[in-house]
Amino acid sequence: MVLYSVCMLKWREGQVPIYVAGAYDVSTFGFFQRGGARELCKFVSREVTQRAKPGDRMSVEHKQHLCHIIVRRDNLACAVVSTHDYPQRVAFSFIQKALEGFNNIHGAAWEGAVNDIDLPVPQLEALIRRYQNPDEADPMLKIQRDLEDTKEIIVRTMDDLLERGEKLENVMDRSSDLSLQSKTFLKNTNDLNSCCMIL
């Protein structure tokens, strides 16, 4: 799960969107591939933004990657390129935080842009680093994963107990050391104990 880029763009109807700011983390690529990876992220972000409309919120798949985008009603768009397995909810949470951070610094300064510009937004660099680990960035996802792990452990433990219980019954039936009365007593206590465990 990796976030490669976040790009802020000015959406324009029927025209190519204007790039206004961005941040990249292409450290997973080889040194000589990083420039091309940045360009590709910027290209995909621009193309997806161009095909969107104000008010859109969507994810577009491209090979093993996704481009998540939100285009605000004021025509400011934020596009994030990530791996296919990056959680969509966390990606959109990241976009909301990026838009807030950008807006706090630059306000409406981007609205007058007629060509690509690169407004400085140091918060984007910090934000992209923080969101590289979705579990740490999103407390809900961390809780959900913890619950899934706990559920898996409980299910596995219950399966082990059931298997063990079946084996004990088989051993008990085959035992010549136990009298019929002892076998009946053990079975009745097991039935009573299983009743109590449900409560």
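Is His106 buried or exposed? In this predicted model, His106 counts as buried, at 16% relative accessibility. The cut-off for that label is under 20% relative accessible area, so His106 falls on the buried side of it. The residue sits in helix α2, which covers residues 88-106. Its side chain doesn't go without a partner: the side chain of His106 reaches the backbone oxygen of Pro120 at 2.8 Å. Pro120 turns up again in the contact list, where His106 touches Leu119, Pro120 and Val121 once residues up to four places away in sequence are set aside.

Stepping back to the whole chain, the model has six helices and five strands. Their order along the sequence is β-β-α-β-β-β-α-α-α-α-α. The chain runs to 199 residues, and 35% of them count as buried. As for how the chain meets itself, take the contacts between residues at least 6 apart in sequence: 55% of these join residues at least 24 apart. The exposed surface comes to about 12,700 Å², with carbon and sulfur atoms supplying 55% of that area.

Next, a buried glutamine. Gln132 is placed in the loop between α3 (122-130) and α4 (134-137). Despite the loop setting, Gln132 is buried, with a relative accessible area of 18%. That value lies under the 20% limit, which is why Gln132 gets the buried label. What does the side chain of Gln132 reach at 2.7 Å? The backbone oxygen of Leu3 is the partner there. A polar contact also links the Gln132 side chain to the side chain of Asp25, at 3.2 Å. Not counting residues up to four places away in sequence, Gln132 touches Met1, Val2, Leu3, Asp25 and Tyr86. Both polar partners, Leu3 and Asp25, are therefore also on the list of residues that Gln132 touches.

Two loop residues stand out for their backbone angles. Most residues other than glycine have a negative phi. Lys63 goes the other way, with a positive phi of about 55° although it is not a glycine. Lys63 is found in the loop between β3 (57-62) and β4, and it is exposed, with a relative accessible area of 68%. Asn75 has a positive phi too, near 80°, again in a residue other than glycine. This one belongs to the loop between β4 and β5 (76-83). Asn75 is partly exposed at a relative accessible area of 25%, a value that lies between the 20% and 50% limits and so earns neither of the outer labels.

Asn75 also has company from far along the chain. Asn75 and Arg12 are 63 residues apart in sequence, yet their C-alpha atoms are 7.2 Å apart in space. Leaving aside neighbours within four places in sequence, Asn75 is in contact with Leu9, Lys10, Trp11, Pro54 and Trp110. Moving on to Leu76, this residue lies in strand β5 and is buried, with a relative accessible area of 0%. Its contacts, again beyond four places in sequence, are with Leu9, Val20, Ile70, Val71, Leu99, Phe102 and Trp110. Leu9 and Trp110 appear in the contact lists of both Asn75 and Leu76. Leu76 and Pro17 are 59 residues apart in sequence and 9.7 Å apart in space, C-alpha to C-alpha.

The last feature is a pocket. The second largest pocket has a volume of about 240 Å³. Two elements give two or more residues to its lining, α1 (34-50) and β4 (65-71). Of these, α1 supplies the largest share of the lining, four residues. In total, 14 residues line the second largest pocket, and Phe29, Leu40, Cys41, His65 and Val81 lie nearest its centre. By type, the lining divides into nine nonpolar residues, four polar and one charged.

Terms used. Residues numbered from 1 in each chain as written. Predicted model: local features only at pLDDT ≥ 70, side-chain atom pairs only at ≥ 80, totals over all residues. Heavy atoms only, no water. 1 Å grid on protein atoms, 1.4 Å probe; cavity = no way out; pocket = protein on both sides within 12 Å on 5 of 7 lines; lining within 4 Å. Points joined across faces, edges and corners; volume = space filled by probe spheres on them. Nonpolar A, V, L, I, M, F, W, Y, C, P; charged D, E, K, R; others polar. Buried < 20%, exposed > 50% of the residue type's maximum accessible area, 1.4 Å probe, protein only. Polar contact = N/O pair within 3.5 Å; in protein donor to acceptor, adjacent residues only side chain to side chain. Contact = heavy atoms within 4.5 Å. Areas by Shrake-Rupley, 256 points an atom, 1.4 Å probe, with all protein chains shown as cover.
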